[in-house]
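Grab a viewer and work through these exercises with the model open beside you. Try each task before you read its solution.

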Amino acid sequence: MHQRAAKPGVSVRRFSAEDLPDVLELLDASLGGGPAGRRPPEFFRWKHLDNPFGESFLLLAESEGRLVGLRAFLRWRLLAGDRAVSATRAVDTATHPDFQGLGIFTRLTLAALDEVRGQVDLVFNTPNAKSGPGYLKMGWREVGRVPVAVRVRRPLRLLTSRRARPGGPAPAPPVTAAPAAASVLERGQEVAGLLWREPAAPGLATARDLAYLRWRYGAAPLLGYRAVTEERDGELAGLAIFRVRPRGGLWETTVAEVLAGGDAGTARRLLRRVVQAAPADHLTFAAPAGSAAARAATRAGFLPSPAGIALVANPLVADLRPDPAELGSWSLSLGDLEVF
């Protein structure tokens with residue numbers, strides 16, 4: 001079907017702080033409560049303004065003084081060995097329901113690409129089935145599906161949920177005895193030591209440091225990240241970060257990070273502690289193929305999921321190495337991949 005042109009009078013400009021109330025109203029009208037269930041100002045500020053990698057690239061579309069579209073590119077930093085790769089993640093995109101189907105998504109995205117070109121090396125994201133084809137038309141490359149491992153903890157709940165009426169209420173959230181990730185990340189010197197002992201990733205990996213972990217998992221409003229640890233001789237020897245969230249009528253434990261210094265035994269024990277920490281229906285986990293964490297997941301009862309997470313990339317510089325269009329070029333955790 002031929003796409004209609006955007007309405008005359010639609011203009012594009014950068015976000016400013018006074019736009020925040022209107023942006024939150026637009027996000028609610030277009031996308032609902034999002035991964036956190038609601039969108040208070042502090043969540044937006046945390047995600048887009050307090051990011052240690054830098055403030056997001058935020059563009060707005062207006063029509064006759066009315067905010068009708070938003071496009072956000074979240075700043076990110078990757079490492080390829082000892083070389084830094086500047087990147088952005090194409091994340092929040094919203095078009096007011098009254099203006100959908102008029103090309104605003106494409107217009108904002110192309111404008112955002114123009115905005116970041118020359119400033120970053122790469123744009124990447126994990127689109128859903130609806131938005132994926134649109135990105136490919138605008139020059140993104142289909143990388144593939146990043147494997148995700150699953151451990152079913154309550155198989156009967158999983159089976160009955162599949163037969164349940166869609167949209168039914170989820171059960172009460174499971175209680176976890178694990179401490180908040182923020183409190184564990186206060187052990188700054190020990191956590192920094194864990195990061196230093198982590199083996200270098202073989203491909204493109206998020207540049208993890210203490211400031212990043214504290215922002216991503218410690219300061220995140222509403223997401224409720226928790227942590228389990230392994231102690232050795234009174235020192236922190238391993239750390240796993242996770243959160244429990246509703247998934248349809250089920251409860252899922254998303255294991256976002258496992259830091260074990262490359263030791264598969266430590267990683268396996270951490271994963272088993274996560275399993276014990278919250279009586280969720282199932283757990284999900286992702287780690288680079290061949291890594292100690294990936295081997296540990298197999299021994300901790302995780303099995304490959306038939307689906308995985310779609311990954312697309314748009315290199316903005318020539319001959320970027322390793323090639324981001326190849327799935328084997330990436331070394332990602334589930335915390336890198338999940339939508340937040």
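**Exercise 1. Work out how much space lies in the second largest pocket, and which elements line it.**

*Solution.* Start with the volume: the second largest pocket holds about 690 Å³ of space. A pocket here is an open set of points on a 1 Å grid over the protein atoms alone, with protein on both sides within 12 Å along at least five of seven lines. Grid points are joined across faces, edges and corners, and the volume is the space filled by probe spheres set on them. This is a predicted model, where local features need pLDDT of at least 70 and side-chain atom pairs count only at pLDDT 80 or more, while totals for chains, interfaces and linings use all residues. Residues are numbered from 1 along each chain as its sequence is written, and side-chain values use heavy atoms, with hydrogens and water left out.

Next, the lining, meaning residues with an atom within 4 Å of a point. It has 32 residues, and E198, P199, A200, A201 and R208 lie nearest the pocket's centre. The elements giving two or more residues are β8 (204-206), β11 and α10 (292-299). Helices (H or I, at least four residues) and strands (E, at least two) are DSSP runs, numbered from the N terminus. β11 gives the most, with three residues.

Last, sort by class: 20 nonpolar, eight polar and four charged residues. Nonpolar covers Ala, Val, Leu, Ile, Met, Phe, Trp, Tyr, Cys and Pro; charged covers Asp, Glu, Lys and Arg; the others, Gly among them, are polar.

**Exercise 2. Find the largest cavity and say which residues line it.**

*Solution.* A cavity is a set of grid points where a 1.4 Å probe fits but cannot get out. Counting those of 30 Å³ or more gives one. The largest cavity has about 50 Å³ of space. Around it sit L24, L27, R39, F43, F44, K47, H48 and D92. Two or more of the lining residues come from each of α1 (20-31) and α2 (41-49), and α2 has the largest share, four residues. By class, that lining splits into four nonpolar, one polar and three charged residues.

**Exercise 3. Lay out the strand order of the six-stranded open sheet, and explain why β9 and β13 each have one side without a neighbour.**

*Solution.* First, the order: β9-β10-β11-β12-β7-β13, with mixed pairing. Two strands pair if DSSP finds at least two bridges between them. β9 (226-232) and β13 (303-304) are at the edges and each has a single partner strand, so one side of each lacks a neighbour in the sheet.

Now go to the β9 end. β9 and β10 (residues 235-247) run antiparallel, joined by seven bridges, and R232 has E235 in β10 as its bridge partner. Helix α7 (residues 188-197) packs on the sheet, touching β10 and β11 (250-259), and its direction makes about 90° with that of β10. Such angles run from 0 to 180 degrees between N-to-C directions, using axes fitted to C-alpha atoms, for helices over the stretch in contact (heavy atoms within 4.5 Å). In the loop between β9 and β10 you'll find D233, a non-glycine residue with a positive phi, near 55°.

Then hop over to β7 (residues 149-152). Four bridges join β7 to β12 (residues 282-285), antiparallel, with A149 opposite F285. β7 also pairs with β13 in the antiparallel sense, over two bridges, and there the bridge partner of A149 is P304.

**Exercise 4. Is the aromatic pair of F53 and Y212 stacked or edge-to-face, and which parts does the pair tie together?**

*Solution.* Rings of Phe, Tyr and Trp (its six-membered ring) pair if their centres lie within 6.5 Å; planes under 30 degrees apart are stacked, over 60 edge-to-face, and the rest tilted. That rule yields 16 aromatic pairs. For F53 and Y212, the centres are 5.5 Å apart with 20° between the planes, which counts as stacked. F53 is in the loop between α2 and β2 (57-63) and Y212 is in helix α8 (residues 210-218), so the pair ties together parts 159 residues apart in sequence.
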